[in-house]
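Please read the following points alongside the sequence and the model. They concern a sheet, a ring pair and a pocket.

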Amino acid sequence: MKRSSTVSSSRRKSRKAHFGAASDKRRVIMSAPLSKELRAKYGVRSVPIRKDDVVKIVRGGKKASGKVTTCYRRKYIIHVEGVTRDKANHQTVDLGVHPSNVVITQLKLDKDRLALLARKKVESVNKGKIAV
């Protein structure tokens with residue numbers, strides 16, 4: 001059932017919008033949930049992932065934790081320190097992980113990130129959402 005008259009519910013249009021999204025939209029799509037401790041501390045459920053965040057992979061074959069080394073927006077993946085595989089010629093390559101399959105356990109904070117957290121917390125309070 002269609003909920004909003006301004007947003008298309010067509011699979012074709014949704015896929016086109018997702019895979020043809022600009023980099024600033026991809027940043028928002030590549031958000032990851034915060035751990036329970038961070039969620040309680042900041043009152044925010046998820047934030048866009050960035051390089052140097054510490055994450056824990058919770059879904060998939062390679063469950064591990066480590067620092068984010070790359071955010072590859074074009075492919076919608078991140079690379080996590082220590083999550084690699086060996087190729088036939090004995091080279092190691094980073095494995096891509098989708099941000100929805102990780103939990104952020106430690107944030108790399110700067111003034112812009114703190115402002116984003118404060119802004120998101122106020123928005124969730126104003127909407128009546130329970131962030132915790």
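1. How many residues lie between S4 and S5 in their hairpin, and which residue in the turn has a positive phi? The hairpin has four residues between the two strands, and Tyr76 in the turn has a positive phi of about 60°. Strands here are DSSP runs of E with at least two residues, and helices are runs of H or I with at least four, numbered from the N terminus.

2. A remark on the source is in order. This is a predicted model, in which local features need pLDDT of at least 70 and side-chain atom pairs count only at pLDDT 80 or more, while totals for chains, interfaces and linings use all residues. Residues are numbered from 1 along each chain as its sequence is written, and side-chain values use heavy atoms, leaving out hydrogens and water.

3. The hairpin belongs to an open sheet of five strands, ordered S6-S5-S4-S3-S7 with antiparallel pairing. Two strands count as paired if DSSP finds at least two bridges between them. Strand S6 (92–97) and strand S7 (102–106) are the edge strands, each pairing on one side only.

4. Individual pairings may be followed in turn. S4 and S5 are joined by four bridges, and Tyr72 stands opposite Ile77 in S5. Five bridges link S5 to S6, where Thr84 faces Asp94 of S6. These two strands also form a hairpin, with five residues between them and a positive phi of about 70° at His90 in the turn. At the other edge, strand S3 (residues 54–57) is joined to S7 by four bridges, and Val54 has Gln106 as its bridge partner in S7.

5. Tyr76 appears again in an aromatic pair with Phe19, which is edge-to-face, at 6.5 Å centre to centre and 80° between the planes. Rings of Phe, Tyr and Trp (its six-membered ring) pair if their centres lie within 6.5 Å; planes under 30 degrees apart are stacked, over 60 edge-to-face and the rest tilted. The pair links distant parts of the chain, as Phe19 lies in helix H1 (residues 11–19) and Tyr76 in the loop between S4 and S5, 57 residues apart.

6. Are the two rings' residues buried or exposed? Phe19 is partly exposed, with a relative accessible area of 48%, whereas Tyr76 is buried at 5%. Buried means under 20% relative accessible area, exposed over 50%, and partly exposed in between (1.4 Å probe, protein chains only).
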